[in-house]
Amino acid sequence: QAKKVGKANWCMFTQELDDRARARLQVESDLHHAVNENEFKVYFQPQVNAHTHEIVGCETLVRWQHPTRGLVYPGEFIEHAEDNGLITRIGDWVLRAAMSEARKLPEHIRVSVNISPVQIHSANLIPTIVHAIAANNIDPTRLELEITENVLMSDTEFTLQRLHQLKDLGIRIALDDFGTGYSSLSYLRRFPFDRIKIDKSFVRDIETRSDSRSIAVATLSLAKSLGMRCTAEGVETRYQADFLRDCGCDELQGFFISRAQPLEKLQHMIELKKVKEKVTLIQDQRDF
Ligand code: C2E
Ligand code: MG
Ligand code: MG
Ligand code: MG
């Protein structure tokens, strides 16, 4: 009897593995197709001054316009692309797309781009960036690269050297998803970050949990004392926005301000602000 049950479980287990392997293979083959057919799009999520809610920058977020599945979010494909190496091609494309769109935005608007750890190690990274900013006549100080703590855990000497090369070009570096990785705080002294982004998991519970408030406040104080700017991501409510502003957060990003949008919508939001004196908060909507 026990043997039977064991066998049944084992069958279910392998069936599940099988399904997962199949789904994974499907995504990987679709991704190859997507890279060759250029099925990606860049969306932009505004980042605003915490006091005035004026748009000061935007984060580039990639989406995959899948022929049958519709709009696919990065959570469903970035990891696969990192595993099979396609991330360098996708990432290069995102950088070029972000810079050619940045050209259509006012010059005071900063544009940030997420960089995967795999890209940091790619020999393409610096040439792609140099070419993309030169081809579009972009001031390098307008470009900010967002990297996560994970990138700092291995091959730190190489990463450090890479980040300094980028800094020497005038490019800014932001530490994304702060507090969610496994590295130690000592890297904050070693690596040349211009900005820390408070992860949305801490922002989400600001109203209900005092430990989340403590982490947000401590991060802001750490950033300040180390001479870095701070952006909070995942800001969804006025309470969170006001709390973070009152605690000294420089910039806010989240659905409370706006979701990620195609460039035209972002341009429109920036235009509106020029015409109207008052801050206009765009209503929540799913990505268009
Ligand atoms: P991230 O860099 O931390 O980006 C912020 C994510 O939070 C975005 O999800 C954004 O849409 C979402 N978000 C923004 N405001 C709110 C909010 O108020 N509430 C909630 N619940 N979520 C909010 P998205 O676009 O699905 O991207 C997920 C992750 O995928 C990004 O996290 C980033 O790590 C990665 N990613 C996106 N684009 C790229 C890319 O071009 N290259 C690489 N390597 N990674 C990318
Ligand atoms: Mg990011
Ligand atoms: Mg983040
Ligand atoms: Mg993230």
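Let's start at ligand 1, where an oxygen atom lies 2.9 Å from an N or O atom in the side chain of Asp176. Please keep in mind throughout that this is a predicted model. Asp176 is one of the closest residues to ligand 1, together with Arg63, Asn114, Glu236 and Phe255, and 21 residues surround this ligand in total. Two further contacts are worth finding on your screen. At Phe255 the partner is a polar backbone atom, 2.8 Å from an oxygen atom of ligand 1. At Glu233 the partner is again an N or O atom of the side chain, and here the distance to an oxygen atom of ligand 1 is 3.4 Å.

Asp176 and Glu233 also lead us to the metals. Which residues coordinate the magnesium ion that is ligand 3? The donors come from Asp176 (OD), Asp177 (OD) and Glu233 (OE), with Glu233 (OE) listed twice, and the distances run from 2.0 to 2.4 Å. Read along the chain, the donors of this magnesium ion (ligand 3) follow the spacing D-D-x55-E. Asp176 belongs to strand S6 (residues 172–178), whereas Glu233 sits in the loop between strand S8 (229–232) and helix H10 (238–246); the two are 57 residues apart, and the pair links distant parts of the chain. Asp176 counts as buried because its relative accessibility is 6%, under the 20% cut-off. Glu233 is buried too, with a relative accessible area of 8%.

The other magnesium ion, ligand 2, has its own set of donors: Glu59 (OE), Asn114 (OD1), Glu146 (OE) and Asp176 (OD), at 2.0 to 2.2 Å. Along the chain, these donors of ligand 2 show the spacing E-x54-N-x31-E-x29-D. Glu59 lies in strand S2 (residues 55–66) and Asp176 in strand S6, so this pair ties together parts that are 117 residues apart in sequence. Both Glu59 and Asp176 are buried. How far apart are the two magnesium ions, and which residue bridges them? They lie 4.1 Å apart, and Asp176 is the bridge between ligand 2 and ligand 3.

Some of these metal-binding residues turn up again when we look at charge pairs. Side chains of opposite charge can pair when their charged atoms come close. Glu59, Glu146 and Glu233 are linked with Lys197 in a network of salt bridges. In the whole model the count comes to 22 salt bridges.

A few of the other salt bridges make good stops on the tour. The side chains of Arg24 and Asp83 meet at 3.0 Å, N to O. Why does this pair deserve a look? Arg24 lies in helix H1 (residues 2–37) and Asp83 in helix H2 (residues 78–84), so the salt bridge ties together parts that are 59 residues apart in sequence. Arg24 is partly exposed, with a relative accessible area of 36%. Next comes the salt bridge between Glu76 and Arg69, whose closest N and O atoms are 2.7 Å apart. Glu76 is partly exposed at 43% relative accessible area, and Arg69 is partly exposed at 40%. The salt bridge between Asp205 and Arg204, at 3.6 Å from N to O, involves sequence neighbours. Is Asp205 buried or exposed? At 15% relative accessibility, Asp205 counts as buried, whereas Arg204 is exposed, with a relative accessible area of 53%.

Let's finish with the strands. Strand S7 (residues 195–198) and S8 run parallel and are joined by four bridges. Within this pairing, Ile198 stands opposite Ala232 in S8. On to strand S9 (residues 251–252), which pairs with S8 in the parallel sense over two bridges. Here Ala232 appears again, standing opposite Leu252 in S9. The chain gets from S8 to S9 by way of H10, and this β-α-β crossover is right-handed.

One last residue takes us back to strand S6, where Arg172 lies. Arg172 is partly exposed, with a relative accessible area of 32%. Its C-alpha atom is separated by 6.3 Å from that of Thr141, although Arg172 and Thr141 are 31 residues apart along the chain.

Notes
Residues are numbered from 1 along each chain as its sequence is written. Chains are lettered from A and ligands numbered from 1 in the order in which they are written. This is a predicted model: local features need pLDDT of at least 70, side-chain atom pairs count only at pLDDT 80 or more; totals for chains, interfaces and linings use all residues. Side-chain values use heavy atoms; hydrogens and water are left out. A salt bridge is a side-chain nitrogen of Lys or Arg within 4 Å of a carboxyl oxygen of Asp or Glu. Buried means under 20% relative accessible area, exposed over 50%, partly exposed in between (1.4 Å probe, protein chains only). Donors are N, O and S atoms within 2.8 Å of the metal (3.2 Å for Na, K and Ca); water is not among the atoms, so sites may look incomplete. Two strands pair if DSSP finds at least two bridges between them. A crossover is right-handed if, with the strands pointing away from the viewer, the path from the first strand over the helix to the second runs clockwise. A residue is near a molecule or strand if one of its heavy atoms lies within 4 Å of it. A polar contact is a pair of N or O atoms within 3.5 Å; within protein, one must be able to donate a hydrogen and the other to accept it, and residues adjacent in sequence count only if both atoms are side-chain atoms.
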